[in-house]
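Here's a quick tour of how some helices in this model pack together. Have the sequence and the 3D view handy as you read.

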Amino acid sequence: MLGAYWYMHCVIISRSANVLAQDFKHALRDNIQATTVAEYRALWLQLNRITREIGVATCYSFTILTLYLFFSLTLSIYGLFSQLQDGLTIKDVGLTISACCNIVLLHVICDQAHSASQHVRVHFQKKLLLVELSNLNPDSQTEINMFLRATEMNPSDVSLGGFFDVNRNLFKSVRINTF
């Protein structure tokens, strides 16, 4: 249930970032004013804050879940390897299923958080960098540059209460350290 809850939140954040970026891109085609760019920047800052606070809101439950999954994965793999020299038994099937389920759930948690962070920050920055500034008035150009600085200065990483960032690197580091 917690994995589905996390997946749902991260997908909603990713889609919201994509919708906001597409809406902003279409608004730029209409040669928008500086006030409109400032409004989009404020919307992006709110979305960025929501992205960071999802980890704070679910800090304790997901920290415990993540630690449990790492611990269970380590024990399952250790148990599986220690039993292999005696031959395959029914316990090995259970340990293999347990390890696979833990890996899949950890992958979903880490991948979705990474994806949400990327959509909010990197993909949005790419769209901002592709803006043709010469077609805009000077005030709009200034606002676009301020928007770019805001995306650079405000991290959008999902962190579980400041303990650790949830992203693909977390999954890789655990997988390497476990094996």
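## Where α5 meets α6

On the α5 side of this contact you'll find F124, Q125, L128 and L129, and they meet I144, F147, L148, T151 and E152 in α6. Sorted by class, the residues of this contact come out as six nonpolar, two polar and one charged. Keep in mind as you click around that this is a predicted model.

As for geometry, α5 covers residues 122-129 and α6 covers residues 138-153. The two helices pack at an angle of about 160 degrees, and their axes are 10 Å apart. Angles over 145 degrees count as roughly antiparallel, so that's the label for α5 relative to α6. The crossing of α5 and α6 is left-handed.

## Where α1 meets α4

Now swing over to α1 and α4. Their axes come within 8 Å and cross at roughly 20 degrees. With the cut-off for roughly parallel set at under 35 degrees, α1 and α4 are therefore roughly parallel to each other. Here, too, we have a left-handed crossing.

Who's making the contact? From α1, the residues are G3, W6, Y7, C10, V11, I13, S14, A17 and N18. From α4, they are L105, V108, I109, Q112, A113, S115, A116, H119 and V120. By class, the α1 contact with α4 has 12 nonpolar residues, six polar ones and no charged ones.

## The largest nonpolar core

In soluble globular proteins, nonpolar side chains tend to be buried together. In this model, the largest nonpolar core has 40 residues, and the ones touching the most other members are W6, F24, I144 and F147. At least two residues of this core come from each of α1 (2-29), α2 (34-57), α3 (59-84), α4 (90-120), α5 and α6. The top contributor is α1, which gives nine residues to this core.

I144 is worth a click, since we've already met this residue in the α5 contact with α6. What does I144 touch, leaving aside its neighbours within four places in sequence? The partners are F24, L28, V37, L128, V131, L133 and L136.

## A look at G94

Last stop: G94, which sits in helix α4. Is G94 buried or exposed? Neither label fits, because its relative accessible area is 39%, which makes G94 partly exposed.

If you want a distance to check in your viewer, try G94 to L65. These two residues are 29 residues apart in sequence and 20 Å apart in space, going C-alpha to C-alpha.

Definitions and conventions: Residues numbered from 1 in each chain as written. Predicted model: local features only at pLDDT ≥ 70, side-chain atom pairs only at ≥ 80, totals over all residues. Heavy atoms only, no water. Axes fitted to C-alpha atoms, helices over the stretch in contact; angles between N-to-C directions. Helix = DSSP H or I, 4+ residues; strand = E, 2+ residues; numbered from the N terminus. Parallel < 35°, antiparallel > 145°, perpendicular 65-115°, else oblique. Left-handed = near helix turned anticlockwise from the far one by under 90°. Contact = heavy atoms within 4.5 Å. Nonpolar A, V, L, I, M, F, W, Y, C, P; charged D, E, K, R; others polar. Core = buried A, V, L, I, M, F, W, Y, C linked by side-chain atoms within 4.5 Å. Buried < 20%, exposed > 50% of the residue type's maximum accessible area, 1.4 Å probe, protein only.
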